[in-house]
Amino acid sequence: MHQTHIRHRLEGIRAKQPWLVLSAAEKFHVATSDNPAISHFYSFEAGNPGPETVAIPDGCVDVLFDCDASQPTAEVFGTPMSAIGIELKSRHRYFGVRFASGIIPDCMKLSAQELIEHHYSLLDVIPQTEQLFEAIVSQNNFADQVAICQSFFAGKTPRPMAPLTQAVVRFIFEHQGNIRVDELADVTGYTTRTIQRQFLADIGMSPKQFSRIIRCQSAVYQINHSSTVTFSDIAFDLGFSDQPHFLREFKKLVHATPMSYQSQVKQQTYYDRIQYL
């Protein structure tokens, strides 16, 4: 099975950036993609000035267009490894494309490691994107922006990933990030050193770091989708040593305690903001 089809099937859920959704002035528009390398497209108008918007680790590469009429920009963002602040300009309209976790378009002139925790101008890292940039930032209709972006990336293949890395990513998703490197060695038949070296070359981080991200995303998903969630049960299900360990890890990666996060998601009607195309 092609690596991106494996990823698309195993993700089950789209990679979450909940604070980005809550930063929208009104609706946060989302569209799925027929390209398995792409998780989804999104669009929103940033709300009024306030605290910095927070990005959380998701293992994804995003291309984010600021469609401001006077000073439009487009940047490529690699995944953060812990919660970080990002600057959005009030009342600017944004359009984004989020690639599936671990996927890097082969047209990007950067190594996997160079993307981690960094961002770059789109025009600097993907050749011949001037026409794409102009078409996206001059278009006000979300559906048309999606179509333009779909067309551009239709002929762009994901960067090749070693079969070993594909297998390791599959196991990490299947276990919701709750798997150790020595267990990955047992199920793949490769040494931990070989797994670490190949995974770093393909993904830009260690299997342990990627597992940590997927485990965080799994916790966010459970809180988002459960009306009566017990944090001790989440901690147990995801293999944390105890509930305090889960609380510390969640706060570092999500920038809020699980209870505070749950309260904000419910209070600010998280799902009411999301509108699917």
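How many disulfides does the count come to? In this predicted model, the count comes to zero. A disulfide calls for two cysteine sulfur atoms within 2.5 Å, and two cysteines show how that plays out here. Take C60: the closest cysteine sulfur belongs to C216 and is 12 Å away, so the pair is too far apart for a bond. C107 fares no better, because its closest cysteine sulfur, in C149, is 11 Å off, again too far for a bond. C60 counts as buried, with a relative accessibility of 2%, and C107 counts as buried as well, at 17%.

Let's move on to the strands. Strand 2 covers residues 38–46, and eight of its nine residues are buried, so the rest of the structure largely encloses this strand. Strand 1 (residues 24–31) runs antiparallel to strand 2 and is joined to it by five bridges. A hairpin of six residues makes the connection between strand 1 and strand 2. If you would like to find this pairing on screen, look at F28, whose bridge partner in strand 2 is F44.

Strand 2 also pairs with strand 7 (residues 93–99), in the antiparallel sense and over seven bridges. Here you can look for Y42, whose bridge partner in strand 7 is G96.

Finally, the aromatic rings deserve a visit. The structure holds 14 aromatic pairs, and ring pairs link W19, F240, F246, F250 and Y261 into a cluster. Rings also meet charges: the charged end of K156 sits over the ring of F152, 4.0 Å from the ring centre. Likewise, R170 places its charged end over the ring of F171, at 5.2 Å from the centre of that ring.

Methods
Residues numbered from 1 in each chain as written. Predicted model: local features only at pLDDT ≥ 70, side-chain atom pairs only at ≥ 80, totals over all residues. Heavy atoms only, no water. Buried < 20%, exposed > 50% of the residue type's maximum accessible area, 1.4 Å probe, protein only. Phe/Tyr/Trp six-rings, centres within 6.5 Å; stacked < 30°, edge-to-face > 60°. Lys NZ or Arg CZ within 6 Å of the ring centre and 35° of its normal. Helix = DSSP H or I, 4+ residues; strand = E, 2+ residues; numbered from the N terminus. Pairing = 2+ DSSP bridges.
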